[in-house]
Amino acid sequence: MTLPAQIAPSAAPKKVTVATLASFKARNRRATFVTAYDYPTAVFADRAGVDMLLVGDSAAMTVLGYPNTLGVSMEEMLIFARAVCRGAKRAFVVGDMPFLSYQPSDEDAVRNAGAFLVAGCDAVKCEGGARVASRVRAITDAGIAVMGHLGLTPQSQAQLGGYRVQGKTLAAVQRLTDDALALQEAGAFAVLLEAVPAEAAAYVRERVELLVYGIGAGPHVDGQLVISHDILGSFVGEIRPRFVRRYADLDLEVERAFRAYADDVRAGRFPAAEHLYPIEPAHEAEIRAARTPVVLRSAATKDLRAVE
């Protein structure tokens, strides 16, 4: 008698690593990169085949309602990071080091970067070029992969004069390149360019060995980062970056669902019969009968008080 062959379990998705990302660049394949701050978003992005997830300090604005990224703490970022890492089985997860988590000292930088790895992240990201190169070196010397962040760096937006496009002249692009080279020398594996013209991003990419990703930096980079709330249409605020394309309008859908729910509750349409737990008719009748005297006593008491 022939026994049926066992059905092999589906193979787990192969984890994206730094080596995987380097192979993408070698094959001219653009990496897909989105922000995630919670378990469901990480699961959905992972299912969709997104290559990289950034647990961004943008959570300060998208999730916590701060006016900028400066208010989010390491403790809050680690909560987001743990949630995302529970959901990401394939994607490469980058933890975004918040303001003052790495600037004060190498010791702070290494300790806080290490906390992201303990939370499950594959790498960390920090803003700045030559001026934070020593921090990047300390982190990489501790065995932690680092992604740099140049161009519009929100943690330094006061120095930059607000959210402004960077690298608009050849001299400015050369400074960006010098900063990228400083990060490369310090051991970073990648750099994110934010809000720079496409030609400027191409100039930098052609002069470094780093993986170069962009958010509002045009097509001549190794992959594209977007804020998930921007492409899903669920960001609550006035910021509408030029480089964002909406792929959904979740704000309208969520508002519509809440309004429909509230209307149904007020009109008595929810909960309906199909939402109730079933019970044996005899038990239901028994419970109903037991309720009646309580209702009558309550009504009688109310009448007596009225008479008094």
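**Burial, core packing and pocket lining in a predicted model**

Cys 126 is buried, as its relative accessible area is 0% (buried denotes under 20% relative accessible area, exposed over 50% and partly exposed in between, with a 1.4 Å probe and protein chains only). The model is predicted, so that local features require pLDDT of at least 70 and side-chain atom pairs pLDDT 80 or more, whereas totals for chains, interfaces and linings use all residues. Residues are numbered from 1 along each chain as its sequence is written, and side-chain values use heavy atoms, with hydrogens and water left out.

Of the 308 residues in the protein, 43% are buried. The fold comprises 12 helices and 8 strands (DSSP runs numbered from the N terminus, helices being H or I with at least four residues and strands E with at least two). Among contacts with a separation of 6 or more, 60% join residues 24 or more positions apart; contact means heavy atoms within 4.5 Å.

In soluble globular proteins, nonpolar side chains tend to be buried together. The largest nonpolar core contains 74 residues, and those with the most contacts inside it are Leu 21, Leu 53, Phe 116, Met 147, Leu 193 and Tyr 213. Helix 4 (residues 74–87) makes the greatest contribution to this core, with 7 residues. Such a core is a set of buried Ala, Val, Leu, Ile, Met, Phe, Trp, Tyr and Cys residues joined through side-chain atoms within 4.5 Å. Beyond residues up to four places away in sequence, Leu 193 touches Leu 150, Ala 201, Val 204, Val 212, Tyr 213, Gly 214, Ile 215 and Ala 217. In helix 9 (residues 198–205), the buried residues are Ala 200, Ala 201, Ala 202, Tyr 203 and Val 204; their cover includes helix 8 (170–185) and strand 6.

Helix 2 (residues 39–47) has Ala 42, Val 43, Ala 45 and Asp 46 as its buried residues, with strand 1, strand 2 (52–55) and helix 4 included in what covers them. Just after helix 2, Gly 49 adopts a positive phi of about 85°. Ala 88, situated in the loop between helix 4 and strand 3 (92–96), counts as buried because its relative accessibility is 9%. Leaving aside neighbours within four places in sequence, Ala 88 is in contact with Ala 42, Asp 46, Leu 53 and Val 93. A distance of 9.5 Å separates the C-alpha atoms of Ala 88 and Gly 120, which lie 32 residues apart along the chain.

The structure holds 0 disulfides, a disulfide being a pair of cysteine sulfur atoms within 2.5 Å. The sulfur of Cys 121 is not bonded to the closest cysteine sulfur, in Cys 85, because the separation of 4.0 Å is too far for a bond. Cys 121 also counts as buried, since its relative accessibility is 5%.

The largest pocket encloses about 1000 Å³ of space. Its lining has 44 residues, of which Ile 215, Ile 227, Asp 230, Pro 241 and Phe 243 are the closest to its centre. On a 1 Å grid over the protein atoms alone, a pocket is an open set of points where a 1.4 Å probe fits, with protein on both sides within 12 Å along at least five of seven lines, and lining residues have an atom within 4 Å of a point. Grid points are joined across faces, edges and corners, and the volume is the space filled by probe spheres set on the points. Elements giving two or more residues to this lining include strand 4 (123–127), strand 6 (190–194) and helix 10 (228–232), while strand 1 gives the most, with 4 residues. By class, the lining has 25 nonpolar, 9 polar and 10 charged residues (Ala, Val, Leu, Ile, Met, Phe, Trp, Tyr, Cys and Pro being nonpolar, Asp, Glu, Lys and Arg charged, and the others, Gly among them, polar).
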